[in-house]
Amino acid sequence: NESVENNSNFQVTKTNSTVIANNPASSVTGILKEGDKNLQVLDEWMIKDGKVYRIVFYSDPGKADSFEPLVQKIIESFSITN
């Protein structure tokens, strides 16, 4: 599965260091062109104990800001229980 960052139809608008489940993580935001439509993409991931944990959120670019508080709550609620 190719990540959106390596897709030639993906334009990065922001990269960031962040935290997922109290672990250092990375974040990429950008616009993915799918045919005649654009999608805003938030892609966050972390690596712990040799495993990749990844959260990807797709939205309409015009509505992305309205979803941001909910998406952040979802990401903040993520935990590793094993």
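**Close-up views of a four-strand, one-helix chain**

**View 1. L42 and its contacts.** Setting aside neighbours within four places in sequence, L42 is in contact (heavy atoms within 4.5 Å) with S27, V28, T29, I55, V56, F57, V71, Q72 and I75. This is a predicted model, in which local features need pLDDT of at least 70 and side-chain atom pairs count only at pLDDT 80 or more, while totals for chains, interfaces and linings use all residues. Residues are numbered from 1 along each chain as its sequence is written, and side-chain values use heavy atoms, with hydrogens and water left out.

**View 2. The whole chain, for orientation.** Reading along the sequence gives β-β-β-β-α, that is, 1 helix and 4 strands. Helices here are DSSP runs of H or I with at least four residues, strands are runs of E with at least two, and both are numbered from the N terminus. The C-alpha atoms fit a box of roughly 40 × 25 × 20 Å along the principal axes. Of the 82 residues, 27% count as buried; buried means under 20% relative accessible area, exposed means over 50%, and partly exposed is in between, using a 1.4 Å probe and protein chains only. As for confidence, pLDDT (the predictor's score for each residue, from 0 to 100) averages 89 over the chain, with 93% of residues at 70 or more. Confidence is highest in β3, with a mean of 94, and lowest in α1, at 90.

**View 3. The largest nonpolar core.** Seven residues make up this one: I20, A25, L42, M46, I55, V71 and I75. A nonpolar core is a set of buried Ala, Val, Leu, Ile, Met, Phe, Trp, Tyr and Cys residues joined through side-chain atoms within 4.5 Å. β3 and α1 each put in at least two of the core residues. In soluble globular proteins, nonpolar side chains tend to be buried together.

**View 4. The largest pocket.** About 320 Å³ of space sits in here, and 16 residues line the pocket, with K14, T29, L42, E68 and Q72 nearest its centre. Two or more lining residues come from each of β1 (10-20), β2 (23-34), β3 (37-48), β4 (51-59) and α1 (64-77). The largest share, 5 residues, belongs to α1. On a 1 Å grid over the protein atoms alone, a pocket is an open set of points where a 1.4 Å probe fits, with protein on both sides within 12 Å along at least five of seven lines; lining residues have an atom within 4 Å of a point. Points are joined across faces, edges and corners, and the volume is the space filled by probe spheres set on them.

**View 5. T29 and V41, two buried strand residues**. T29 is in strand β2 and counts as buried because its relative accessible area is 14%. Leaving out residues up to four places away in sequence, T29 touches F10, Q11, V12, T13, K14, Q40, V41 and L42. V41, in strand β3, is buried too, at 0% relative accessibility.

**View 6. Two loop residues with positive phi**. N22 sits in the loop between β1 and β2, with phi near 65°, and is exposed at 76% relative accessible area. D49 is in the loop between β3 and β4; its phi is near 55°, and at 71% relative accessibility D49 counts as exposed. Most residues other than glycine have a negative phi.
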